[in-house]
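Me: Please take a close look at one part of this structure and tell me how it sits among its surroundings. I'd like one connected account, with cut-offs given as the terms come up.

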Amino acid sequence: QKTKNMMLNYYQIDAFTRHTVSLLEENGIPCILLKGISLAACYPVPEYRKLGDLDLYINEPEALEKAQVLLEAQGYREEKELSDHHVTYRYTFQKTGRSFLLELHYRVGGMYQYEPANQTVDEVYSPLRLKPIRQTINGFTYSVLPPTEYVFYMIHHMLKHYLYSGFGIRLLCDFTFFLGHNYTAIDFAQIHTWCKESKILHLYEIILETCRIYLGLPE
């Protein structure tokens, strides 16, 4: 029963993701899908990857403001949350009464006290540097982070969970499956440089070794 509910939730999140991204793109607002069904696509059975909310990244201030106006006009209700990198909205489908959360990111992650790390992250995911790629999931095509930038984002996402909100094995499963699925397209030397600049190289090494020991990540 739990597996059935998890699979049902996957397709509900899939529908919510498609609905939201379609709304933004039809109104000329580019957005980048973070995690969610994009990560689930790397799993042997995508429906078995438990999903929570929808995360979208908009790195241009004008586009972000336009998106907020549009979403609120379409019934997305802002939920006040203390955050330095995203705005949260709740959307309820009228036919089913099911509601879902959207985190609309204007930064891929929260701010650090270590300013050089903030500068590195801002530079990597800036509008001028970042070139999204397209990924087709269940017949719908989304803009997503390129593999190298995706891995760096996942490391920072794990760091945020480790520091503030709890660290679970799902994060390591995500990392293992994503690397196994995309390793030939990942520039590991670039990731090493970014991690050194951010002072998180040791964290990255621990994550890699943990995934190798316990989850079968190849050398």
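Reply: Happy to. Helices (H or I, at least four residues) and strands (E, at least two) are taken here as DSSP runs and numbered from the N terminus. The model is a predicted one, with local features requiring a pLDDT of at least 70 and side-chain atom pairs counted only at pLDDT 80 or more, while totals for chains, interfaces and linings use all residues. Residue numbers start from 1 along each chain as its sequence is written, and side-chain values rest on heavy atoms, without hydrogens and water.

The part I'd pick is helix 5. With 19 residues at 1.5 Å each, helix 5 should span 27 Å, and its end C-alpha atoms lie 25 Å apart, which agrees; the expected span is 1.5 Å times one less than the number of residues. Just after helix 5 comes Gly 166, with a positive phi near 95°.

How enclosed is helix 5 by the rest of the structure? Because 14 of its 19 residues are buried, helix 5 is largely enclosed. Buried here means under 20% relative accessible area, exposed means over 50%, and partly exposed is in between, using a 1.4 Å probe and protein chains only.

Next, the packing. A nonpolar core is a set of buried Ala, Val, Leu, Ile, Met, Phe, Trp, Tyr and Cys residues joined through side-chain atoms within 4.5 Å. The largest such core has 37 residues, and Tyr 125, Ile 155, Phe 175 and Phe 178 touch the most other members. Two or more residues of this core come from each of strand 1 (32-34), helix 4 (115-124), helix 5 (147-165), helix 6 (169-182), helix 7 (188-198) and helix 8 (201-215). Helix 5 contributes the most, eight residues. Apart from this core there is another, of 31 residues, including Leu 33, Tyr 76, Phe 100 and Leu 102.

Two residues let you trace contacts into this region, where contact means heavy atoms within 4.5 Å. Not counting residues up to four places away in sequence, Tyr 125 touches Tyr 57, Asn 59, Val 108, Leu 130, Leu 145, Glu 149, Phe 152 and Tyr 153. Thr 120, placed in helix 4, is buried at a relative accessible area of 7%. Leaving aside neighbours within four places, Thr 120 is in contact with Phe 152, Trp 194, Glu 197 and Ser 198.

Helix 5 also borders empty space. On a 1 Å grid over the protein atoms alone, a cavity is a set of points where a 1.4 Å probe fits but cannot get out, whereas a pocket is an open set with protein on both sides within 12 Å along at least five of seven lines; lining residues have an atom within 4 Å of a point. Grid points are joined across faces, edges and corners, and the volume is the space filled by probe spheres set on the points. A search of the whole structure finds one cavity of 30 Å³ or more, and the largest cavity has a volume of about 70 Å³. Its lining is made by Lys 35, Leu 39, Arg 49, Tyr 153, Met 154, His 157, Met 158, Leu 171 and Asp 174. Helix 5 and helix 6 are the elements that give two or more residues to that lining, and the largest share, four residues, comes from helix 5. By type, the lining of this cavity has five nonpolar residues, one polar and three charged, where Ala, Val, Leu, Ile, Met, Phe, Trp, Tyr, Cys and Pro count as nonpolar, Asp, Glu, Lys and Arg as charged, and the others, Gly among them, as polar.

The largest pocket has a volume of about 640 Å³. Of its 33 lining residues, Lys 35, His 157, Lys 160, His 161 and Ser 165 lie nearest its centre. Strand 5 (99-105), helix 4, helix 5 and helix 6 each supply at least two lining residues, and helix 5 gives the largest share, seven. This lining divides into ten nonpolar, 14 polar and nine charged residues.

Lys 35 lines the cavity and also the pocket, and is worth a last look. Lys 35 lies in the loop between strand 1 and helix 2 (37-40) and is buried, with a relative accessible area of 12%. Most residues other than glycine have a negative phi. Lys 35, although not a glycine, has a positive phi of about 55°.
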